[in-house]
Every structure is written in C-alpha cells, then in structure tokens.
Amino acid sequence: MTEHHLSPQPKTVMVSSTARDLPLHRKEVLDACLRQGMFPVMMEHLPASDAEAISASLQMVDEADIYLGIFAHRYGYVPTGHDISVTEMEYHRAVARNIPRLIFVMGKEHPLTIDDVELGEGAARLKAFKDRVQTENIVNFFKSPTDLRAHVINSLSKLRQPDLTAFHYVSDIPTPPSHRFTSNAHDLVID
C-alpha cells in the first residue's frame with residue numbers, strides 16, 4: 001500500500017509593473033517564479049473596460065500570497081476617473097492586505113531608451129510613488145533583466161515553503177552490531 005502525501009499548494013505571486021516598457025523583465029520574473037515553484041499571476045491582457053481591468057487587477061492581488069512590484073521610469077496607465085495608476089492601485093491593495101511585498105527598482109546603471117522614460121505629470125506621480133515605495137519597503141535595485149531575475153529568485157527563495165516530505169524516509173541503515181567487552185579494554189569483541 002502506498003502512502004499519498006498532499007503537497008502544499010504553490011504560493012501565488014502577483015507581478016505588478018508597467019507592461020509596455022518592461023516585457024523582457026516580466027519574462028525573466030515569470031521564469032524566476034516558476035523556478036522557485038511559485039505561480040506567477042500577471043496582467044498581460046487587460047479586459048476591454050477600465051472598470052473590468054481595475055477589478056481583475058485588484059482581484060489578482062487579493063488572491064496572491066506575495067506581491068512583487070517592478071518599478072522603472074514609467075508611471076503607468078491611469079484609468080478615467082481615477083487619480084492613480086493601476087500599478088499604484090495594486091500596490092495599495094497589497095499594503096492593505098499586509099502580504100509580503102518584494103520591491104525591485106530599476107537602478108541608475110540600467111540602459112534605457114527615450115521611450116522607456118515617462119515625462120511630465122506622469123514622471124512627477126512616478127517619483128512620488130517610488131519615494132513612498134522605497135520608504136515603506138526594503139528595495140532591490142536591478143541593472144538588467146537577468147539581474148532582476150537573480151534578485152527575484154533570491155528574494156522568493158526566502159519565502160518558499162520547505163518541502164518537509166523530503167526529510168520523511170525509512171532508513172536503510174543496518175542495526176549496529178552488539179559489543180561485548182572483556183576485562184581488558186583492548187580485548188573488545190564484536191559479534
């Protein structure tokens with residue numbers, strides 16, 4: 001008769017970032033999550049309406065075990081009738097839920113193109129948001145998509161549940177022999 005062990009459900013990681021400027025980064029983060037045995041949840045295809053997109057996005061945060069935020073030089077999409085981006089809404093929801101938050105910010109040595117940088121009002125909102133995020137959390141800075149992947153693997157490994165079943169086994173170690181002692185210590189006899 002074989003024994004069946006239920007393995008724990010993999011942790012769900014909500015990956016939050018702007019999508020247009022970070023596709024390679026998001027691909028590396030997806031790979032990092034999977035390598036750590038965790039399930040990444042990403043908003044790659046927004047629903048048609050703003051209300052549906054916000055609802056779907058926040059629901060993903062509500063169902064996540066871990067929030068993973070990636071911040072670069074774009075503030076992100078601000079839906080009509082709202083003052084903050086969907087990315088910032090996701091962060092607020094993770095804070096409200098008090099789930100672990102892993103924050104990764106693009107470092108100054110990361111190569112950029114002009115299209116990667118938001119200007120004007122979005123840049124001011126982004127600065128205020130990043131200042132808040134960096135004040136409230138421990139932050140890792142990355143200098144490339146692969147560097148981000150390494151930071152994510154390292155950070156997620158600290159939140160991964162150990163596989164306790166790996167330590168449950170029947171030993172094949174034989175029973176040690178009995179020892180008989182004589183009156184002289186050097187006359188040890190092993191049966």
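Visitor: If contact means heavy atoms within 4.5 Å, which residues is valine 152 in contact with, leaving aside its neighbours within four places in sequence?

Guide: This is a predicted model, in which local features need pLDDT of at least 70, side-chain atom pairs count only at pLDDT 80 or more, and totals for chains, interfaces and linings use all residues. Residues are numbered from 1 along each chain as its sequence is written, while side-chain values use heavy atoms, leaving out hydrogens and water. With those sequence neighbours set aside, valine 152 is in contact with Val29, Ala32, Leu68 and Phe104.

Visitor: Which residues touch the most other members of the largest nonpolar core (buried Ala, Val, Leu, Ile, Met, Phe, Trp, Tyr and Cys joined through side-chain atoms within 4.5 Å; buried is under 20% relative accessible area with a 1.4 Å probe, protein chains only)?

Guide: This core has 19 residues, and at least two come from each of E1 (12–16), H1 (23–35), E3 (66–71), E4 (101–106) and H5 (145–157), where helices (H or I, at least four residues) and strands (E, at least two) are DSSP runs numbered from the N terminus. Those touching the most other members are Val13, Val29, Leu68, Ile70, Val152 and Leu156.

Visitor: Which residue of E3 is the bridge partner of methionine 14?

Guide: Both faces of E1 are covered, with Thr12, Met14 and Ser16 buried on one side and Val13 and Val15 on the other. E1 runs parallel to E2 (residues 39–42), joined by 4 bridges, and methionine 14 stands opposite valine 41 there. E1 also runs parallel to E3, again with 4 bridges, and in E3 the partner of methionine 14 is tyrosine 67.

Technical notes. Buried < 20%, exposed > 50% of the residue type's maximum accessible area, 1.4 Å probe, protein only. Contact = heavy atoms within 4.5 Å. Pairing = 2+ DSSP bridges.
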